[in-house]
Amino acid sequence: MKYTLVFCVILGIVECVLGITEDEIDRIVETKMQKVIQKYDKKIALLEEKIHAQDVKIQNLEKKCSTPTMDAAEHDENASVQQVSLNRANDTGIHSKRQASSSQENQKRSFPTGTSGHVAFCAYMSTSENSPSLHHIFVYDIVKTNLGSAYNRYSGMFTAPDDGVYVFTWTIFSYLNSYIFTQLVVNSDAVDNMISDSEQIADVHSSTKLIVVSLNRGDVVYVRTDDTIPTGGTVYSGRHFGYSSFCGWKL
């Protein structure tokens, strides 16, 4: 009761001195809280991405640990092929030895690696988002394809598992009288921009962008709102008009 009375007195003083109403104070406090929440949401997303990167490293280490077993099997098989080659050389001479050497080389090339090596993903947003702020990272939480497990559905980020050339495309639906500015970001650099604009028309519009980029292993790629131009309205994603999506693959 005592603290409530003190708060009311302070609130009354602020209203009298600054001329700010209680509703305006509530809005200021709510704005501050939203900025704090957005700040920590971004930190959480980055932490989740670091965890995902660690998982990728662990998977790579596990593959390296299993390599000696594969090398031993390959060595045994090569030894057998070499023995056959020696036997044939004793019987048929140099011509047979060359044939055995060629057979051995073909055997190495056809030795199974145990992995397809494909990297590709495609995901979309399960719900619409109203009035996203600047630097807002979109999370495409419904994953349809994730070959290579390089996309994180919790952070909305893709981490390049290897050096190479990658293709990315993203689609944004702007709801009635909305205008949505988005960027494709590699690490912290915006490499491309796009607008989906239905501000002047009471309709739903969509925009799609495609870009080819060269990445190093560990580079992070994601879609966010523009870092300087505010977005107005709603990013639509749903069954009726279409889902806002993010896809990519390695060439």
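This passage describes the aromatic pairs and one charged surface patch of a predicted model.

Aromatic contacts are a good place to begin, with 14 aromatic pairs counted in the model. One of them joins Phe 121 and Phe 168 in a tilted arrangement, with ring centres 6.3 Å apart and an angle of 50° between the planes. This pair bridges distant parts of the chain, since Phe 121 belongs to strand E1 (residues 120-124) and Phe 168 to strand E6 (residues 164-174), a separation of 47 residues. Both Phe 121 and Phe 168 are buried.

Phe 168 also pairs with Phe 246, here in a stacked arrangement with 6.2 Å from centre to centre and 25° between the planes. Again distant parts of the chain are linked: Phe 168 sits in strand E6 and Phe 246 in strand E12 (residues 245-250), 78 residues apart. Phe 168 counts as buried because its relative accessible area is 0%, and Phe 246 is likewise buried, with a relative accessible area of 0%. Beyond these two contacts, ring pairs connect Phe 121, Phe 168 and Phe 246 with Tyr 140, Tyr 151, Phe 158 and Tyr 166 in a cluster.

Turning to the surface, a negative patch is made up of Glu 22, Asp 23, Glu 24, Asp 26 and Glu 30. Within this patch, Glu 24 is part of helix H2, which covers residues 22-92. Glu 24 has a relative accessibility of 31% and is therefore classed as partly exposed. That value also satisfies the patch criterion, which asks for over 30% relative accessible area.

How values were computed: Residues are numbered from 1 along each chain as its sequence is written. This is a predicted model: local features need pLDDT of at least 70, side-chain atom pairs count only at pLDDT 80 or more; totals for chains, interfaces and linings use all residues. Side-chain values use heavy atoms; hydrogens and water are left out. Patches are made of residues with over 30% relative accessible area and no salt bridge: like charges are joined within 9 Å, nonpolar side chains (Val, Leu, Ile, Met, Phe, Trp, Tyr) within 5 Å. Accessible areas come from the Shrake-Rupley method with a 1.4 Å probe; for residues, only the protein chains shown count as cover. A salt bridge is a side-chain nitrogen of Lys or Arg within 4 Å of a carboxyl oxygen of Asp or Glu. Lys and Arg count as positive and Asp and Glu as negative; His and the chain ends are not counted. The place of a charge is taken as NZ of Lys, CZ of Arg, CG of Asp or CD of Glu. Helices (H or I, at least four residues) and strands (E, at least two) are DSSP runs, numbered from the N terminus. Buried means under 20% relative accessible area, exposed over 50%, partly exposed in between (1.4 Å probe, protein chains only). Rings of Phe, Tyr and Trp (its six-membered ring) pair if their centres lie within 6.5 Å; planes under 30 degrees apart count as stacked, over 60 as edge-to-face and the rest as tilted.
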